Amino acid sequence: MSDVLKSELLRSISGLAMLGVSSFVILIPALMLTMGPPLDGVRELDDGMATRMVFGLIASIGITAMYLGSYSVSREFYYRSMPRTIVIGSLRRVFLAKLLSSMTTSIGLCVVGVALWAGVTSLALAAYGRHLRLDGAFWGIVAGSIFVAAAGAVIGASLGWIFRNYYVVSAVVLLLPTMIELPLLFTVPAVERFFPVGAFAGVTGAPIEGLLSVGASCAVLLGWAAAVTALAVVVVQRRER
């Protein structure tokens, strides 16, 4: 198992494609920041709430993690290298190794992303007379984002095994969250809170009315990860019969 895991970890950080995936850690929250309401309103907030509003966008690491996890699986089916990988490592070990490597890589990207986005947040807030506050809420967002990254990677990798097709699974992990779930998060959070993006926001304590508590959001996210992984196991086993 250790050799297979090492191989998957090496794959997860190799190649120009992974560099592109890594850029999503900053590009997605930056896109949300630029496409969202103007930041003029932060002038009326204290530093703590302003920090939560802007720095909290790092919760979008969950979307990046889902894509990274799905890509670790779907790219092998795309390049038709999965049969050789399974022959070398066995299906069970490859399945577990891809889950673990996706989690590890996503957590690493999250740590880097947190540092970079904190810098972006500081600059953005300073332009409106606010300052980044490194208080308990800030560190709660950091801890929540790491949890979100791990859970998102598991969901993404499992979806990769379920759909296998790169284009289909990419649409599921990128378009559904950004085009459907994000709008729902701000319009009907009482519904979206039971879906992954709503759970991402809840885990990081986003200041959005109607979300579940941090603990309940963690439970929802774990439930999604467990359910999708269980479904992936069933689908993979049936294909092998």
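**Close-up views of a predicted model**

**View 1. The second largest pocket and the residues around its centre.** In this predicted model, 16 residues line the second largest pocket, and those that lie nearest its centre are V172, L176, E181, P196 and W224. Two or more lining residues of the second largest pocket come from each of the helices α7 (136–163), α8, α9 (189–192) and α11 (214–240). Helix α8 supplies the largest share of this lining, with seven residues. The volume of the second largest pocket is about 260 Å³, and its lining, sorted by class, holds 14 nonpolar and two charged residues but no polar ones.

**View 2. The largest pocket and the elements that line it.** The largest pocket holds about 880 Å³ of space, and its lining is made up of 34 residues, of which M32, L33, G36, L57 and F186 lie nearest the centre. The elements that each give two or more residues to the lining of the largest pocket are α2 (16–35), α3 (47–55), α8 (166–187) and α10 (196–203). Helix α2 gives the most to this lining, with seven residues. In terms of residue class, the lining of the largest pocket comprises 27 nonpolar residues, six polar residues and one charged residue.

**View 3. The salt bridge between R11 and E8 within helix α1.** The side chains of R11 and E8 form a salt bridge, with an N to O distance of 3.6 Å, and this pair is one of five salt bridges that a search of the whole structure finds. Because R11 and E8 are three residues apart in helix α1 (residues 2–12), about one helical turn separates them. How exposed or buried are the two partners, R11 and E8? R11 has a relative accessibility of 25% and therefore counts as partly exposed, whereas E8, at 2% relative accessibility, counts as buried.

**View 4. K98 and its salt bridges to E8 and E76.** K98 meets the side chain of E8 in a salt bridge whose N to O distance is 2.8 Å. Since K98 belongs to helix α6 (residues 91–126) and E8 to helix α1, the pair ties together parts that are 90 residues apart in sequence. Both partners of this salt bridge, K98 and E8, are buried. K98 also forms a salt bridge with E76, in which the closest N and O atoms are 2.7 Å apart. This second pair likewise links distant parts of the chain, with K98 in helix α6 and E76 in helix α4 (residues 61–78), 22 residues apart. The relative accessibility of K98 is 0%, so K98 counts as buried, and E76, with a relative accessibility of 2%, counts as buried too. Through salt bridges that share partners, E8, R11, E76 and K98 are joined into one network.

**View 5. R75, a buried arginine without a salt bridge.** R75 is located in helix α4. Although side chains of opposite charge can pair when their charged atoms come close, R75 is buried and has no salt bridge, the nearest side chain of opposite charge being that of E8 at 5.3 Å. Why does R75 with E8 not count as a salt bridge? The distance of 5.3 Å to E8 does not satisfy the cut-off, because a salt bridge needs a side-chain nitrogen of Lys or Arg within 4 Å of a carboxyl oxygen of Asp or Glu. What the side chain of R75 does reach is the backbone oxygen of R11, at 3.2 Å.

**View 6. Two residues with positive phi, R80 and S90.** Most residues other than glycine have a negative phi. R80, which is not a glycine, nevertheless has a positive phi of about 60 degrees, and R80 is found in the loop between α4 and α5 (82–89). With a relative accessible area of 74%, R80 is exposed. S90, again a residue other than glycine, has a positive phi near 80 degrees, and its place is in the loop between α5 and α6. Is S90 buried, exposed or partly exposed? At 30% relative accessibility, S90 counts as partly exposed.

Methods:
Residues numbered from 1 in each chain as written. Predicted model: local features only at pLDDT ≥ 70, side-chain atom pairs only at ≥ 80, totals over all residues. Heavy atoms only, no water. Helix = DSSP H or I, 4+ residues; strand = E, 2+ residues; numbered from the N terminus. Buried < 20%, exposed > 50% of the residue type's maximum accessible area, 1.4 Å probe, protein only. 1 Å grid on protein atoms, 1.4 Å probe; cavity = no way out; pocket = protein on both sides within 12 Å on 5 of 7 lines; lining within 4 Å. Points joined across faces, edges and corners; volume = space filled by probe spheres on them. Nonpolar A, V, L, I, M, F, W, Y, C, P; charged D, E, K, R; others polar. Lys, Arg positive; Asp, Glu negative; His and termini not counted. Polar contact = N/O pair within 3.5 Å; in protein donor to acceptor, adjacent residues only side chain to side chain.
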